[in-house]
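Visitor: I've got a protein in front of me and I'd like to learn how to read it. Could you walk me through it?

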Amino acid sequence: MKLQCVQEALAEALGIVGRAVPARTTLPVLSNVLVEADTTDGLQVVASNLELTISHRLAAAVSEAGRTTVPARLLADYVALLDRGKQVSLKLPSSGTR
């Protein structure tokens, strides 16, 4: 998966879906966010705690579609450190396309 988007939009999306990520969990995958990139629909970020699922779609220039999970806090903290107003380029290993 390979894409570009605006830093503020990605930070906002991670902040919104991050509300569903539990602070402590017995299922480690619930600490992750699902990142889905599609060449026509842009980027969708999803998080769940099994009772609540939050999804947020944002505009992104996707050159390679795919989806994967990423630790929510690690990604949110990293994106927050990037320059505001700049384009963010992400290249993540993908678990497949839809």
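Here is a chat about the strands, the contacts and the surface of this structure.

Visitor: Before we dig in, what kind of model is this?
Guide: Good thing to ask at the start. What you have on screen is a model, and the word to keep in mind for it is predicted.

Visitor: Okay, sheets. What is the strand order in the open sheet of 4 strands?
Guide: Let's build it pair by pair. Strand β2 (residues 32-38) pairs with β3 over 5 bridges, in the antiparallel sense. On β3 there is also a pairing with strand β4 (residues 53-58), antiparallel again, over 6 bridges. Add β6 and the order reads β4-β3-β2-β6.

Visitor: Which strands are the edge strands there?
Guide: The order to look at is β4-β3-β2-β6. An edge strand pairs on one side only, and that fits β4 and β6.

Visitor: By how many degrees are neighbouring strands of that sheet turned against each other on average?
Guide: We're still with the sheet ordered β4-β3-β2-β6. Ignoring direction, the average turn between its neighbouring strands is 20°.

Visitor: Can we zoom in on the pairing? Which residue of β4 is the bridge partner of Val 46?
Guide: Start one residue earlier: Val 45 stands opposite His 56 in β4. These strands are antiparallel. For Val 46, the partner in β4 is Ser 55.

Visitor: And on the β2 side, which residue stands opposite Leu 43 of β3?
Guide: β2 and β3 make a hairpin, with 3 residues between them. In this pair, the residue opposite Leu 43 is Ala 37.

Visitor: Is Gln 44 buried or exposed?
Guide: Gln 44 sits in strand β3, which covers residues 42-48. In that strand, 7 of 7 residues are buried. The cut-off for buried is under 20% relative accessible area. Gln 44 has 14%, so the verdict is buried.

Visitor: Which side chain does Gln 44 touch in a polar contact of 2.5 Å?
Guide: Remember that Gln 44 belongs to β3, and that β3 pairs with β4. The side chain at the other end of that 2.5 Å contact belongs to Ser 55.

Visitor: What about Leu 50: buried or exposed?
Guide: Leu 50 is in the loop between β3 and β4. That hairpin has 4 residues between its strands, and Leu 50 takes a positive phi near 80° there. Exposed calls for over 50% relative accessible area. Leu 50 has 63%, so it counts as exposed.

Visitor: Which residues make the nonpolar surface patch of about 300 Å²?
Guide: You've just met one of them, the exposed Leu 50. The full set making the patch is Leu 27, Val 29 and Leu 50.

Visitor: Now salt bridges. How many residues apart in sequence are Glu 36 and Arg 67?
Guide: The structure holds 1 salt bridge. Glu 36 forms it with Arg 67, and their closest N and O atoms are 3.5 Å apart. Glu 36 lies in β2 and Arg 67 in β6 (residues 66-71), so the bridge ties together parts whose separation in sequence is 31 residues.

Visitor: Which one of that pair counts as buried, and which as partly exposed?
Guide: Compare each value with the cut-offs: buried is under 20%, exposed is over 50%, and partly exposed is in between. With 10% relative accessibility, Glu 36 counts as buried. Arg 67 has 33%, so the label for Arg 67 is partly exposed.

Visitor: Let's try the open sheet of 3 strands. Which strands stand at its edges?
Guide: The order is β5-β1-β7, with antiparallel pairing. Each edge strand has a single partner, so one side is left without a neighbour in the sheet; the strands in question are β5 (61-64) and β7 (87-91).

Visitor: Which residue of β5 is the bridge partner of Lys 2?
Guide: Strand β1 (residues 2-6) pairs with β5 in the antiparallel sense, over 3 bridges. The partner of Lys 2 in β5 is Glu 64.

Visitor: Last one: how many Å apart in space are Ala 72 and Val 33, C-alpha to C-alpha?
Guide: Ala 72 is in helix α2 (residues 72-81), and at 7% relative accessibility it counts as buried. Ala 72 and Val 33 are 39 residues apart in sequence, yet in space their C-alpha distance is 5.3 Å.

Notes
Residues are numbered from 1 along each chain as its sequence is written. This is a predicted model: local features need pLDDT of at least 70, side-chain atom pairs count only at pLDDT 80 or more; totals for chains, interfaces and linings use all residues. Side-chain values use heavy atoms; hydrogens and water are left out. Helices (H or I, at least four residues) and strands (E, at least two) are DSSP runs, numbered from the N terminus. Buried means under 20% relative accessible area, exposed over 50%, partly exposed in between (1.4 Å probe, protein chains only). A polar contact is a pair of N or O atoms within 3.5 Å; within protein, one must be able to donate a hydrogen and the other to accept it, and residues adjacent in sequence count only if both atoms are side-chain atoms. Two strands pair if DSSP finds at least two bridges between them. Patches are made of residues with over 30% relative accessible area and no salt bridge: like charges are joined within 9 Å, nonpolar side chains (Val, Leu, Ile, Met, Phe, Trp, Tyr) within 5 Å. Accessible areas come from the Shrake-Rupley method with a 1.4 Å probe; for residues, only the protein chains shown count as cover. A salt bridge is a side-chain nitrogen of Lys or Arg within 4 Å of a carboxyl oxygen of Asp or Glu. Axes are lines fitted to C-alpha atoms, for helices over the stretch in contact, and angles run from 0 to 180 degrees between N-to-C directions.
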